Each structure stands twice: as structure tokens, then as C-alpha cells.
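Biologist: Could you walk me through the reasoning behind some of the labels used for this model?
Modeller: Gladly, let's look at it together.

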Amino acid sequence: MDSAGKEREAVQLMAEAEKRVKGSHSFLRGLFGGNTRVEEACEMYTRAANMFKIAKNWSAAGNAFCQAAKLHMQLQSKHDSATSFVDAGNAYKKADPQEAINCLNAAIDIYTDMGRFTIAAKHHITIAEIYEAELVDIEKAIAHYEQAADYYKGEDSANKCLLKVAAYAAQLEQYQKAIEIYEQVGTNTMDNPLLKYSAKEYFFKAALCHFIVDELNAKLALEKYEEMFPAFTDSRECKLLKKLLEAHEEQNSEAYTEAVKEFDSISRLDQWLTTMLLRIKKTIQGEGDGDLK
């Protein structure tokens with residue numbers, strides 16, 4: 001059957017499901033098998049949703065999954081209701097990002113009520129990603145990454161969420177918040193044989209955030225990180241920081257740029273590092289809107 005045929009069949013199923021739901025409300029039906037009709041309607045809405053998916057009518061698929069989710073809730077099937085809300089959210093993601101968020105939030109409410117915090121965290125991340133990519137609302141993305149990190153407490157996934165928060169906080173010039181997270185994650189990972197290699201990156205980023213605010217703070221932070229994590233001293237990141245601090249102290253923008261270029265020739269700078277290094281460079285007198293070239 002072609003997609004138009006699937007869509008027609010889905011519309012018929014939706015109408016049939018609606019009839020079942022209305023029929024279940026009558027007094028006699030309520031006494032004799034009202035729930036059975038609701039269960040049948042649930043199944044029809046789900047089948048219709050899958051047909052709409054085949055036809056790539058994402059909004060209609062999302063709506064049908066939503067109807068199924070509400071009926072599952074009526075039947076006290078919390079897990080099935082949450083699953084249907086997630087299916088609705090995934091369908092709406094392709095057509096209506098805000099509606100996708102509404103459905104995923106409904107699923108999160110059910111999962112947290114059931115004590116399933118790890119699953120709830122996963123859906124908070126999905127919402128954060130929608131805010132990042134589709135709705136471009138970074139403040140809301142941060143809030144959902146923070147909530148996910150809270151639910152993931154003590155797991156590696158919590159660090160991944162926190163690092164997202166730190167990166168965005170620094171971009172929004174919330175440097176203290178970024179510093180606290182980078183230091184926390186750096187401290188958590190430096191004693192882990194599998195993760196300690198990453199610790200130098202987190203201390204490097206924390207030091208850059210300090211540097212943007214105040215050169216002396218950056219110097220003190222660097223000393224603290226070397227003391228806490230001796231392996232940091234020999235890292236290219238630490239050596240770069242020392243060169244940048246020296247260039248900044250001398251207000252020498254050429255030496256600053258040269259140090260950055262040398263680092264970039266071996267370890268390519270990503271967008272975040274480039275932004276932070278430029279912000280520091282602009283604090284060198286006479287730099288104004290300079291670049292790193």
C-alpha cells in the first residue's frame with residue numbers, strides 16, 4: 001500500500017478509535033466491558049500512529065501516539081503511557097519541536113513518579129538537544145542538561161551533561177559557573193586511570209575562564225591545578241597557559257598569537273577554545289577586535 005493509502009487507513013482507524021472511546025463512556029458499557037473498548041481504542045491509535053509514520057505525516061503520528069498515551073493513563077498503565085508519550089515526542093521532533101518537548105515532559109513526569117530517574121534523565125537530554133538545535137534557546141538547554149546531570153548523579157553520564165552546561169555557561173559569560181563545573185569534573189576524573197587524560201582539558205578550560213575574568217586569578221588557579229594534578233605540568237595545555245600569561249603580562253599580542261598558533265598546529269582549536277582565547281586576547285591593550293592570526 002502506498003503512503004496515501006496508509007494515511008487513509010490511519011484516518012479511518014482514528015475515527016474508529018474515537019467511537020470506541022465515546023462508547024466506553026455510556027452507562028451500560030461502563031458496567032460491562034468499558035475498559036475493553038478503551039484498550040481496543042489504544043491499540044487502534046497506536047496502529048494509526050505507525051501508519052502515519054510510514055506516510056511521513058509526523059504531526060498526525062505524534063497526535064495519535066498522544067491519544068494512546070492518554071488512554072493508557074486512564075487504564076492506569078503508567079509505563080505504556082510514558083512509552084507512547086516518548087513515541088509521540090519522537091514523531092513531533094520532525095515537525096513541531098515545541099510539541100515534542102511537551103510530550104517528552106509528560107513522559108518525564110510519569111518516569112519520575114515511578115522512580116525511573118535514569119530514563120527521565122535520557123529524555124531531559126533529548127529536550128536539551130531540541131532546544132540547542134531546533135529552538136536555539138541555550139538557557140533552557142542548560143536547565144535540562146542540569147536536570148539530567150542531577151538524575152544521573154554519580155554516573156559518567158552526569159559528567160557529560162555537566163560539561164555541556166559548563167561550555168554554554170562560559171559562552172554566556174557565566175564564568176564562575178563554568179569554572180566550578182570544570183574543576184569539579186577535573187577533580188572527579190584525575191584519579192580515574194581511564195579518565196585522567198581528560199582532566200588536563202577540564203583544568204585548562206577552567207583556567208581560561210579564570211583568565212578572561214582576571215589574569216592573577218588565572219595564575220593562582222594554574223598553580224593550584226599543578227599542585228592537585230602534577231601530570232598537568234607537562235601537558236601542552238599547561239605550557240600554553242604559561243606562555244599566554246607571560247604574553248598578557250607584557251601586553252604582547254604577537255607573542256600571544258604565536259603561542260596559540262603553535263598549539264593549534266598540533267592540536268586543532270575547536271570553536272569554544274577559539275572564542276575564549278579571542279576574549280582573552282581582546283584584553284591586551286590596543287587589540288580591540290583582533291583575531292588569532
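Modeller: This is a predicted model, and a search of the whole structure finds seven aromatic pairs.

Biologist: Why is the pair of Phe117 and Tyr151 called tilted?

Modeller: The ring planes of Phe117 and Tyr151 stand at 50°, and tilted covers what is neither under 30 degrees nor over 60, so the pair is tilted. The ring centres are 5.1 Å apart.

Biologist: What makes this pair tie together parts apart in sequence?

Modeller: Phe117 belongs to helix 7 and Tyr151 to helix 8 (residues 138-151), so the pair connects parts 34 residues apart in sequence.

Biologist: And what makes Phe204 and Phe263 a pair?

Modeller: Their ring centres lie 6.0 Å apart, and the cut-off for pairing is within 6.5 Å. Their planes are at 40°, so this pair is tilted too. Phe204 sits in helix 11 (residues 196-213) and Phe263 in helix 14 (residues 253-266), so parts 59 residues apart in sequence are tied together.

Biologist: How do you know whether Phe204 is buried or exposed?

Modeller: Buried means under 20% relative accessible area; Phe204 has 2% relative accessibility, so Phe204 counts as buried. Phe263, at 6%, counts as buried as well.

Biologist: Why is Glu132 called buried?

Modeller: Glu132, in helix 7 (residues 117-133), has 16% relative accessibility and therefore counts as buried.

Biologist: What makes the link between Glu132 and Tyr145 a polar contact?

Modeller: Their side chains are joined at 2.5 Å, where the cut-off for N or O atoms is within 3.5 Å. The side chain of Glu132 also makes a polar contact with that of Tyr168, at 2.4 Å.

How values were computed
Residues numbered from 1 in each chain as written. Predicted model: local features only at pLDDT ≥ 70, side-chain atom pairs only at ≥ 80, totals over all residues. Heavy atoms only, no water. Helix = DSSP H or I, 4+ residues; strand = E, 2+ residues; numbered from the N terminus. Buried < 20%, exposed > 50% of the residue type's maximum accessible area, 1.4 Å probe, protein only. Polar contact = N/O pair within 3.5 Å; in protein donor to acceptor, adjacent residues only side chain to side chain.
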